[in-house]
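Here are my notes on the model, set out as numbered points. Please read them with the structure open.

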Number of protein chains: 4
Amino acid sequence: MKRHESNVAYRVPYADTDQMGVVYYGNYLVYFERARNALLRGLDLCYAEIEQRGFGLPVLSAHVDYKAAARYDDVLEIRGWLGDLRAIRLRVDCAVYRGDTLLAIGHTVHALVDRKTLRPVKMPADMTDIFRRALGEGDE
Amino acid sequence: MKRHESNVAYRVPYADTDQMGVVYYGNYLVYFERARNALLRGLDLCYAEIEQRGFGLPVLSAHVDYKAAARYDDVLEIRGWLGDLRAIRLRVDCAVYRGDTLLAIGHTVHALVDRKTLRPVKMPADMTDIFRRALGEGDE
Amino acid sequence: MKRHESNVAYRVPYADTDQMGVVYYGNYLVYFERARNALLRGLDLCYAEIEQRGFGLPVLSAHVDYKAAARYDDVLEIRGWLGDLRAIRLRVDCAVYRGDTLLAIGHTVHALVDRKTLRPVKMPADMTDIFRRALGEGDE
Amino acid sequence: MKRHESNVAYRVPYADTDQMGVVYYGNYLVYFERARNALLRGLDLCYAEIEQRGFGLPVLSAHVDYKAAARYDDVLEIRGWLGDLRAIRLRVDCAVYRGDTLLAIGHTVHALVDRKTLRPVKMPADMTDIFRRALGEGDE
């Protein structure tokens with residue numbers, strides 16, 4: 001089985017740039033969020049549904065390596081895929097491209113929590129199945 | 001009685017600028033929010049408390065006139081005052097200065113609503129009193 | 001001739017929401033920018049080119065009327081069209097829809113300036129022609 | 001000698017929150033920028049001056065560990081200090097507190113580059129001296 005990957009096209013507005021004439025470094029975490037949203041949506045497990053089931057997926061840590069600058073009006077490709085899956089946490093890897101040029105790569109680590117208590121909870125079996133398929137691990 | 005006015009000092013980060021080398025026009029609405037928060041806080045009626053009492057003050061409209069550009073590392077003065085008070089709505093006027101130079105001026109119009117239903121509600125008497133004092137209208 | 005209109009599809013990320021559970025009011029000015037970019041692009045007069053020709057189109061004023069709330073994961077339609085054209089300034093009207101529901105409507109007013117001096121300049125004839133066609137005004 | 005540390009007080013506006021009712025994770029990179037600006041300013045080496053001397057300090061990587069949530073109207077303490085200094089790069093460590101509670105900790109790595117070519121350059125001796133003092137390393 002193949003790893004599931006999301007791919008969002010995104011055009012850079014003036015709002016995202018700074019006076020260096022490039023996309024401000026903090027905006028890449030918003031781009032990563034767009035990749036995660038699309039990844040979950042592609043797995044038929046959109047984040048709104050996760051919240052309706054009483055769960056949350058808060059970010060425990062975030063990391064970005066900046067390789068090259070994105071600029072105003074660039075059409076970026078923002079890609080996301082599940083990088084790692086554990087009992088109560090998962091890692092989403094993200095990369096931002098302009099054509100073949102890698103601009104930034106990084107990841108976020110998330111815990112599955114109860115939305116009320118904000119305490120970590122064990123992932124329900126159906127959710128684990130979905131994420132295992134996203135990793136490209138089949139039941140064969 | 002004198003009109004109540006808030007005054008927030010704010011230093012512009014790189015994040016707020018765009019590739020023109022000036023503060024992006026949308027950020028002034030965040031500056032106006034800082035002025036409103038400080039205005040309410042100065043009236044001992046902070047927004048968190050308004051929400052706890054079951055009300056909300058959503059924005060009905062916003063307007064900004066841009067006079068001169070703010071730049072990275074500028075220390076701005078963001079001022080706010082109550083411009084108008086009606087039975088179910090109020091207007092907050094805001095201005096952004098760098099020293100004596102007016103950079104932007106504008107306002108937001110808000111309705112008092114029930115937080116649950118989001119429907120307009122009549123302002124409680126104690127809140128009206130506070131806002132009338134903010135306008136500089138006395139009881140005498 | 002028909003008025004030229006741009007239409008950008010935009011999916012709301014978590015980043016755009018606030019603790020009211022709706023899109024923060026300041027983000028609509030970024031949505032309006034997306035509409036303007038698309039409008040200029042559709043006229044074969046993209047903003048990057050305007051800057052290369054030595055001009056700028058700074059915002060003189062902005063206005064938004066908020067009608068209904070946008071929420072996380074909504075797919076919005078952001079529309080823009082030229083509302084008015086004068087010798088040295090123009091107005092772009094924008095509206096944000098979710099399906100048939102109008103969420104916000106407003107406009108920005110811009111001056112054509114020399115990028116170096118930031119002083120207003122008369123619009124070149126070819127640019128005026130393009131904008132007149134955008135208004136739906138024909139030559140005969 | 002003592003390590004130099006910056007400390008910026010910052011009140012959280014509604015704009016920084018998301019529908020989880022907490023500060024959106026991407027905003028911490030803006031908070032880190034405020035800490036870096038204040039750190040450089042405290043060393044009499046403000047970023048505007050670095051740019052005037054023809055240099056830039058672009059971000060090579062950024063990392064944030066999230067420990068607890070910041071909320072609307074919180075007054076945060078954003079602290080920054082030089083974590084590491086090499087010939088052509090440096091690391092700034094940052095932490096965000098609410099009172100005694102650590103909310104987030106992380107760092108950014110920067111290269112000193114020529115602003116024109118964007119290529120790494122060796123740090124001038126006077127700059128190295130300033131940064132060595134910031135590390136708490138003395139001359140004797």
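1. Start with a loop residue. Leu118(B) sits in the loop that links β7 (113-114) to α3 (125-134) of chain B. The model is predicted, and the backbone here deserves a look. The phi of Leu118(B) is near 60°, which is positive although the residue is not glycine. Most residues other than glycine have a negative phi. Where does Leu118(B) fall in terms of burial? Leu118(B) is partly exposed, because 14 other C-beta atoms lie within 10 Å; a buried residue would need 20 or more, an exposed one 12 or fewer.

2. Now turn to chain A. Leu118(A) belongs to the loop between β7 (113-114) and α3 (125-134) of chain A. Its phi is near 65°, again a positive value in a residue other than glycine. Leu118(A) has 14 C-beta neighbours inside 10 Å, so it counts as partly exposed. Inspect the two loops side by side.

3. Next, the fold of the chain. Chain A contains 3 helices and 7 strands. Along the sequence, the order is β-α-α-β-β-β-β-β-β-α. Is chain A compact or extended for its length? The radius of gyration is 16 Å and the globule rule gives 14 Å for 140 residues; the two are close, so chain A is as compact as a globular protein of that length.

4. Some overall figures for chain A follow. Its C-alpha atoms fill a box of roughly 45 × 35 × 20 Å along the principal axes. Of the 140 residues in chain A, 34% are buried. Among contacts in chain A with a separation of 6 or more, 68% are between residues 24 or more positions apart.

5. For strand pairing inside a chain, look at chain C. Strand β4 (residues 75-85) runs antiparallel to strand β5 (residues 89-98) of chain C, and 8 bridges join them. One register marker is Ile78(C), which stands opposite Val96(C) in β5(C). The connection is a hairpin: 3 residues lie between β4(C) and β5(C).

6. The pairing continues on β5(C). This strand is joined by 10 bridges to strand β6 (residues 101-111) of chain C, and the two run antiparallel. Here Arg91(C) stands opposite Val109(C) in β6(C). β5(C) and β6(C) also form a hairpin, with 2 residues between them. Gly99(C), in that turn, has a positive phi of about 60°. Strand β5(C) therefore takes part in both hairpins, if one reads the turns as listed.7. Then the contact between chains C and B. Here 13 residues of chain C are in contact with 13 residues of chain B. On the chain C side, α1 (27-42) and β3 (59-66) each supply at least two residues. The largest share, 8 residues, comes from β3(C). What is the make-up of the side of chain C that touches chain B, by class? It divides into 9 nonpolar, 3 polar and 1 charged.

8. Strands pair across this contact. β3 (residues 59-66) of chain B and β3(C) are antiparallel, over 5 bridges. To check the register, find Asp65(B): its bridge partner in β3(C) is Ser61(C).

9. Symmetry comes next. A turn of 180° with a shift of 0.0 Å along the axis lays chain C on chain B with an RMSD of 0.0 Å. That is the relation of a two-fold axis. Which residue of chain C has the C-alpha nearest the axis? It is His63(C), at 2.2 Å. The same surface serves both copies, as 92% of the contact residues of chain C recur in chain B.

10. Last, the contact between chains A and D. In this pair, 13 residues of chain A are in contact with 13 residues of chain D. α1 (27-42) and β3 (59-66) of chain A each supply at least two residues of the side that touches chain D. β3(A) gives the most, with 8 residues. By class, this side of chain A has 8 nonpolar, 4 polar and 1 charged residues.

11. Strand pairing is found here too. β3(A) and strand β3 (residues 59-66) of chain D run antiparallel, joined by 5 bridges. Asp65(A) stands opposite Ser61(D) in β3(D).

Note on methods: Residues numbered from 1 in each chain as written. Chains lettered and ligands numbered in written order. Predicted model: local features only at pLDDT ≥ 70, side-chain atom pairs only at ≥ 80, totals over all residues. Contact = placed C-beta atoms within 7 Å. Helix = DSSP H or I, 4+ residues; strand = E, 2+ residues; numbered from the N terminus. Nonpolar A, V, L, I, M, F, W, Y, C, P; charged D, E, K, R; others polar. Pairing = 2+ DSSP bridges. Least-squares fit on C-alpha atoms with pLDDT ≥ 70 in both. Rg over C-alpha atoms; globule rule 2.2 N^0.38 Å.
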